[in-house]
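Trainee: Hi, do you have a moment to go through a model with me? I'd like to ask things as they come up.

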Amino acid sequence: MVPFIIEVLSVGLLVSAVLALFLDEVVYSVAALAGTFLFTTVIYALSGSIFAAVFQFAVSVGTLAILFLSGEMLGDKPVKKASSTKIGALIGGGIALSLPAIFLSVSSGAGVTVENSFGDALWNLRGMDVLFQAIVILAVAIGIAIVLYEKRKGVKA
Amino acid sequence: MDFVILALVMLAVGIYGLLTNRQLLKVFISVELIATAATLNFVMLAQNALGLGQAFLILAFATDTAVSGVILALLVVVSKKYGTSDIGKIMQLMQNKEEESEVDA
């Protein structure tokens with residue numbers, strides 16, 4: 001039952017991804033991207049990666065909130081609305097793109113299984129990566145603050 | 001169901017969008033799709049090595065979030081400076097500005 005649900009979700013994932021890219025109005029694109037993130041979260045959860053699903057949900061909620069705001073503020077309004085024919089073609093294209101993932105396979109079945117708990121893998125095997133990534137994210141946050149501060153300073157001058 | 005092919009198709013859709021869209025927000029959405037395609041691969045790894053796969057996945061999320069933050073900051077700055085989010089119009093405005101500065105010189 002679960003593999004069938006994952007197949008349906010993967011079709012939805014690709015359809016929403018295609019809609020997010022090719023819909024004219026930015027707000028509708030962001031709504032379709034929300035669908036993409038939602039399908040990804042459920043696929044992670046059904047695959048047994050619960051921590052990954054929670055992280056994906058948290059990250060996507062933040063991204064979508066900012067995208068809705070900036071889409072409304074910065075997006076150029078389209079001249080005409082998308083026709084139902086175009087939307088139908090996009091949905092059909094998304095379904096067609098998802099067929100290879102359902103019916104073809106390139107992965108070998110004989111994979112090596114490694115038993116590690118999540119905490120053990122994160123802190124003992126990838127501990128240095130976690131520390132360095134914390135430094136990278138701190139640097140990025142400071143960089144973004146500098147870019148936006150310079151912009152504000154430029155407007156005042 | 002093969003996650004590798006799904007990730008490949010998502011990557012192809014994202015790259016196509018990145019090359020063809022002229023709206024800055026659509027470019028950002030394309031980058032998000034490419035990042036989603038990359039992280040989807042770790043789901044397959046998580047099926048065989050659950051802890052390690054999820055650890056890699058979370059490290060990939062951190063990188064993805066950092067990239068998103070930088071792109072959004074640049075998007076806001078460029079859109080406010082040039083008054084549009086269309087890449088073609090921004091390029092034209094930049095070209096006009098350069099020509100004006102050459103004429104002044």
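Mentor: Sure, here is the model, and we can talk through its confidence, chains, core and a few residues.

Trainee: Great. What should I know before I start reading it?

Mentor: This is a predicted model, where local features need pLDDT of at least 70, side-chain atom pairs count only at pLDDT 80 or more, and totals for chains, interfaces and linings use all residues. Residues are numbered from 1 along each chain as its sequence is written, while chains are lettered from A and ligands numbered from 1 in the order in which they are written.

Trainee: What are the ipTM and pTM scores?

Mentor: The model has ipTM 0.84 and pTM 0.83. As for pLDDT (the predictor's confidence in each residue, from 0 to 100), chain A has a mean of 82, with 86% of its residues at 70 or more. Chain B has a mean of 84, and 97% of its residues reach 70 or more.

Trainee: And where in chain A is confidence lowest and highest?

Mentor: The lowest mean in chain A is 75, in H5(A), and the highest is 91, in H2(A). Among the elements of chain B, H1(B) has the highest mean at 91 and H3(B) the lowest at 82. Helices here are DSSP runs of H or I with at least four residues, strands are runs of E with at least two, and both are numbered from the N terminus.

Trainee: How many helices and strands does chain A have?

Mentor: Six helices and zero strands, so the pattern along the sequence reads α-α-α-α-α-α. Chain A is also divided into domain 1 (1-106) and domain 2 (119-157), with bounds that come from an automatic or database domain assignment. The centres of these two domains of chain A, taken over C-alpha atoms, are 27 Å apart.

Trainee: Changing topic: how many residues of chain A are in contact with chain B?

Mentor: 61 residues of chain A are in contact with 50 residues of chain B. Contact means that the C-beta atoms of two residues, placed from the backbone, lie within 7 Å. On chain A, the elements giving two or more residues to that side are H1, H2, H3, H4 (84-103), H5 and H6 (127-156).

Trainee: What's that side made of, by class?

Mentor: The side of chain A that touches chain B has 35 nonpolar, 20 polar and six charged residues. Here Ala, Val, Leu, Ile, Met, Phe, Trp, Tyr, Cys and Pro count as nonpolar, Asp, Glu, Lys and Arg as charged, and the others, Gly among them, as polar.

Trainee: Which residues touch the most other members of the largest nonpolar core?

Mentor: They are A:Leu14, A:Ala17, A:Val18, B:Leu6 and B:Met10, in a core of 51 residues. Elements from both chains give two or more residues to this core: H1 (2-22), H2 (26-46), H3 (50-74) and H5 (118-125) of chain A, with H1 (3-20), H2 (24-48) and H3 (50-82) of chain B. H1(A) gives the most, with eleven residues. A nonpolar core is a set of buried Ala, Val, Leu, Ile, Met, Phe, Trp, Tyr and Cys residues joined through C-beta atoms within 7 Å.

Trainee: Let's take B:Met10, then. Why does it count as buried?

Mentor: B:Met10 counts as buried because it has 28 C-beta neighbours inside 10 Å. A residue is buried if 20 or more other C-beta atoms lie within 10 Å of its own, exposed if 12 or fewer, and partly exposed in between, with C-beta atoms placed from the backbone.

Trainee: What is B:Met10 in contact with, beyond its sequence neighbours?

Mentor: Leaving aside neighbours within four places in sequence, B:Met10 is in contact with A:Leu14, A:Ala17, B:Leu33, B:Thr36, B:Ala37 and B:Leu40. B:Met10 itself lies in H1 of chain B.

Trainee: And A:Val18, what does that touch?

Mentor: Not counting residues up to four places away in sequence, A:Val18 touches A:Leu90, A:Gly93, A:Gly94, A:Leu97 and B:Val13. One of those, A:Gly94, is buried in H4(A), as are A:Ser98 and A:Ala101. The buried residues of H4(A) pack against H1 of chain A together with H1 of chain B.

Trainee: Does the geometry give us a check on the helices? What span should H3(A) have?

Mentor: At 1.5 Å a residue, the 25 residues of H3(A) should span 36 Å, and its end C-alpha atoms are 35 Å apart, which agrees. The expected span is 1.5 Å times one less than the number of residues. For the 20 residues of H4(A), 28 Å is expected and the end C-alpha atoms are 29 Å apart, which also agrees.

Trainee: Last one: is B:Asn96 buried or exposed?

Mentor: B:Asn96 counts as exposed, with 10 C-beta neighbours inside 10 Å. B:Asn96 lies in H4 (residues 87-104) of chain B, and its C-alpha is 37 Å from that of B:Met10, 86 residues away in sequence. On chain A, A:Met128 is exposed too, with 8 other C-beta atoms within 10 Å, and its place is in H6 of chain A.
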